[in-house]
Amino acid sequence: MPVQISSSIPLVVEKKLTQMVKPSEHIPPQTLSLSTLDNDPDNEVIYKTIYVFKEKKALDDVYRPESLLKEALSDLLVCYYPLSGILKRWESDRKLHLTCGGDDGGVAFTVATTNVELSSLKYLDNIDSDTALKFLPHELQVEDGYRPFALQVTKFRCGGFTLGIAISHAMCDGYGLGHTMCALAELVGGKKKLRVTPVWERERLVGKPREDDQPPFVPVYTAVSPYLPTDDWVTEKINIRAESIRRLKEATLREYDFSSEAPTTFEVIGAYLWKSRVKALSLNQDGVTVLGLPVGIRKVVDPPLPDGYYGNAYIDMYVPLTTREVGEFMISDIVKLIKKVKKKAHDKDYLQEELSNTEDIIKMNLTNKEKKDGLFFLTDLRNVGIFGSMDFGWNEPVNIVQVVPPETARTIGMLMRPSRLEPAMVGGVQIMITLPKAAMAKFKEEINALAKV
């Protein structure tokens, strides 16, 4: 069904042209291996992001965004040439391998047009996922694997445009993606040398399989919700104002003196969201629910990873509690547990154990088939670089839209920077979460109660 913009104008997105953009310099044919963290099966998903740019006051053919971006992308692929390759998981070792260079490399670059103005879509604020997919590339699958990176420029009648990207999480984490996109912006802006030189060095995060028979660790979550399973899911973006965050931090400090380790916004909001989600889903009291957290380990590696490392450089940490405990614990109690697992992740020996654990999971082809009602994975995208300098000559994007695969979205919550269209939200946080429709109303009640803390 076409999206109806007004009573008479349905949205039409017409994809005019898709080209394979190749590196502007010859790259010799080669096969690259990836790190243990890149090879984690949970990371073999395609993440998609849409950057929304308002119209420029003075436009002419010289400043067409598709021309500038395509030329800059070609130059970008000289340094980031692995992004122009083809990924495939080999049966022999269950690892991903990347073939790149030669004549077959390239990144699919699509140009599309619409029949409407950006303002009629409210600059893509709160659009549904089906509509969002119209502004995103789809040309990833090939006969012998898939391409890890693709872009789409969609031009609007007003002169504004969106830049949609699709990228395999196996190639980079949020920090790495931020570096890549900022490098693209530098090249569009005319720079000949990148501020940060990208490095591959994936061998630095390769673990050794255990020699004993100890089974690999897989998180256990036994809590179940009466609302699941269901086909009736809804995704909401919810704003939390800076004043509410400040009051929540003050309330947490009244509960417990954290001395020099004051609670962060992520920690207090994460604790509050977990409690709210558990209550909204009506999880059984004796069931185990798990809060999952990605913790960066760039500085844990010895020596630390260079700034130009754009592979996955975080490990997943877990806080398990029964539903009853989540309800009874104060925010400060959960913040203490979050701080404890973050500190554990920064231990060099623990990192090596985690790499070995992941190697065993890959080798044994293990998948967690438990019900995931009780799993809540929370990730913070505010400061990883995705929202960094992205001025392609049209000023910074006024909105950034994350599109998460449906299966992943059901267990994940995202902390993001609010849209630039909302000045009142400066210093605040935007939450994106997916829940059964029957549970979302209760969850929003809990979030609204934050204003009264």
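**Reasons behind the labels**

Student: Leaving aside its neighbours within four places in sequence, which residues is aspartate 373 in contact with?

Tutor: Aspartate 373 is in contact with Ala223, Val224, Ser225, Leu228, Arg277, Leu281 and Leu283, where contact means heavy atoms within 4.5 Å. This is a predicted model, in which local features need pLDDT of at least 70 and side-chain atom pairs count only at pLDDT 80 or more, while totals for chains, interfaces and linings use all residues. Residues are numbered from 1 along each chain as its sequence is written, and side-chain values use heavy atoms, with hydrogens and water left out.

Student: Why does aspartate 373 count as buried?

Tutor: A residue is buried under 20% relative accessible area, exposed over 50%, and partly exposed in between, as found with a 1.4 Å probe on protein chains only. Aspartate 373 has 7% relative accessibility and therefore counts as buried. Its place is in the loop between α9 and β14 (375-380), where helices (H or I, at least four residues) and strands (E, at least two) are DSSP runs numbered from the N terminus.

Student: What makes the link between the side chain of aspartate 373 and the backbone nitrogen of serine 225 a polar contact?

Tutor: A polar contact is a pair of N or O atoms within 3.5 Å; within protein, one must be able to donate a hydrogen and the other to accept it, and residues adjacent in sequence count only if both atoms are side-chain atoms. The side chain of aspartate 373 reaches that nitrogen at 2.9 Å, so the distance falls within the limit.

Student: How do you know that threonine 289 is buried, and which side chain does it join in a polar contact?

Tutor: Threonine 289, which lies in strand β12 (residues 288-296), has 0% relative accessibility, so it is on the buried side of the cut-off. Its side chain and that of tryptophan 274 are joined by a polar contact of 3.2 Å. Not counting residues up to four places away in sequence, threonine 289 also touches others, including Ala223, Leu283 and Gly374.

Student: Why do arginine 94 and tyrosine 123 get unlike labels for accessibility?

Tutor: Arginine 94 has a relative accessible area of 31%, which lies between the two cut-offs, so it is partly exposed, whereas tyrosine 123, with 14%, is buried. Arginine 94 is found in the loop between β4 and β5 (96-100) and has a positive phi of about 60° although it is not a glycine. Tyrosine 123 lies in the loop between β6 and α3, and its phi, near 55°, is likewise a positive value in a residue other than glycine.

Student: How do you know that the length of helix α9 agrees with what is expected?

Tutor: The expected span of a helix is 1.5 Å times one less than its number of residues, so the 17 residues of α9 (residues 348-364) should span 24 Å, and the 25 Å between its end C-alpha atoms agrees with this. At the N-terminal end of α9, aspartate 347 acts as a cap, with a side-chain oxygen 3.1 Å from the backbone nitrogen of aspartate 349. The helix is followed by asparagine 365, whose phi is positive, near 55°. The buried residues of α9, among them Tyr350, Leu355 and Ile361, pack against α1 (36-39), β4 (86-89), β13 (314-322) and α8 (331-345).

Student: What makes an empty space a cavity or a pocket?

Tutor: On a 1 Å grid over the protein atoms alone, a cavity is a set of points where a 1.4 Å probe fits but cannot get out, while a pocket is an open set with protein on both sides within 12 Å along at least five of seven lines; lining residues have an atom within 4 Å of a point. Grid points are joined across faces, edges and corners, and a volume is the space filled by probe spheres set on the points. A search of the whole structure finds one cavity of 30 Å³ or more, and the largest cavity has a volume of about 40 Å³. Its lining consists of Tyr80, His179, Cys182, Ala183, Glu186, Leu194, Arg195 and Val196.

Student: Which element gives the most to the lining of the second largest pocket?

Tutor: That element is β11, with five residues, in a pocket of about 690 Å³ that is lined by 28 residues.
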